[in-house]
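Please walk through the fold below with the sequence at hand. The text begins with the strands and then turns to the enclosed and open spaces.

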Amino acid sequence: MSNPAALFDLTGRVACVTGASSGLGRRAAVALAAAGACVVGVARRAEPLDDLENEIGAEASMVVADVADRKHIARLAAQITAPFGAPDIVVHAAGVNTREAADDVTPEGWDQTLALNLSAPFFLSQALVPAMRKKGWGRIVNFASLQSSRAFPGGIAYGASKAGIGQLTRAMAEAWSPHGITANAIGPGFFPTELTQVVFADPERAAQNAAQTCIRRNGSMEDIDGPLVFLCSDASSYVTGQILMVDGGYTAK
């Protein structure tokens, strides 16, 4: 029997994390580096990326880019590959929630949401998959949401994009898992990030969300570490096309 702990070791792997400047994307980059991976963080804001690179050290490199800009995906893939070689792992954590009510959704808000939350994970993965296929090993981790299956006020565009992530994940698995590339998604509950500032700024609302979980609390950043490393490692080699809800049991009730 193999050493179970070794299944989670990412030494020698290269991971790309989008949305790495803040929130769960930043936490993902730190967790993967702690597990042994070299990490390339991608985001639009240079200063937070510099802070992240300083925190991780020599095993990190940062790329300032807009992953939703499809015209430059090939160039972005080359920039991601340059520091440590082609990524074995890609984590799509970049996202936006415009929080527009259904009657107020604008074409610009809709297009922005779908471009970043749904289109970017596909087209960047498509650009990085050929190198994974050559190795016969790869891990794609998308970010789903409570709104992949639940409707929340002001979330029609965001919810549509995150429901799409569920099917995108399954379709990626069907297309690429025969080549050793698994595709899964994490569905976070309520974590204290930039996207959820408006929720946590209201103590009553935050308490209501905590009460809705089976564990009776909202997420802490460290709660994402284990599930993420699992999906990015050999430990999940027979898991693909799945959404792992990391929500304290919110969707179980």
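Which handedness does the β-α-β unit made by β4, α4 and β5 have? In this predicted model, the unit formed by β4, α4 and β5 is right-handed. Its helix, α4, covers residues 107–135, while the strands on either side of that helix in the unit are β4, residues 89–92, and β5, residues 138–143.

Strand β4 pairs with two other strands. Strand β1, residues 14–18, runs parallel to β4 and is joined to it by 4 bridges. One contact to look for is that of valine 17, whose bridge partner in β4 is valine 91. Strand β5 also runs parallel to β4, and 4 bridges join these two strands. Here histidine 92 has asparagine 142 of β5 as its bridge partner.

The side chains of β4 can be followed next. In a regular strand, side chains alternate between the two faces of the sheet. In β4, Ile89 and Val91 point one way, whereas Val90 and His92 point the other way. Are these four residues buried or exposed? Ile89, Val90, Val91 and His92 are all buried.

His92 leads on to an enclosed space, being one of the residues that line the largest cavity. The model has 1 cavity of 30 Å³ or more, and the largest cavity has a volume of about 40 Å³. Besides His92, its lining consists of Thr18, Val67, Ala94, Leu116, Ala120, Pro121 and Leu124. Which helix gives the largest share of this lining? Helix α4 does, with 4 residues. By class, the cavity lining comprises 6 nonpolar and 2 polar residues, with no charged ones. The helix of the right-handed unit is thus also a wall of the cavity.

The open space is a separate matter. The largest pocket holds about 840 Å³ of space, and 42 residues line it. Those that lie nearest its centre are Ala93, Gly95, Val96, Thr193 and Leu195. Among the elements that each supply at least two lining residues are α1 (23–34), β2 (38–43) and α5 (156–176). Which of the elements gives the most to this lining? Helix α1 does, with 3 residues. The pocket lining divides into 20 nonpolar, 15 polar and 7 charged residues. Charged residues therefore appear in the lining of the pocket, under the classes in which Asp, Glu, Lys and Arg count as charged, whereas the lining of the largest cavity has none.

Definitions and conventions: Residues are numbered from 1 along each chain as its sequence is written. This is a predicted model: local features need pLDDT of at least 70, side-chain atom pairs count only at pLDDT 80 or more; totals for chains, interfaces and linings use all residues. Side-chain values use heavy atoms; hydrogens and water are left out. On a 1 Å grid over the protein atoms alone, a cavity is a set of points where a 1.4 Å probe fits but cannot get out, and a pocket is an open set with protein on both sides within 12 Å along at least five of seven lines; lining residues have an atom within 4 Å of a point. Grid points are joined across faces, edges and corners, and a volume is the space filled by probe spheres set on the points. Buried means under 20% relative accessible area, exposed over 50%, partly exposed in between (1.4 Å probe, protein chains only). Two strands pair if DSSP finds at least two bridges between them. A crossover is right-handed if, with the strands pointing away from the viewer, the path from the first strand over the helix to the second runs clockwise.
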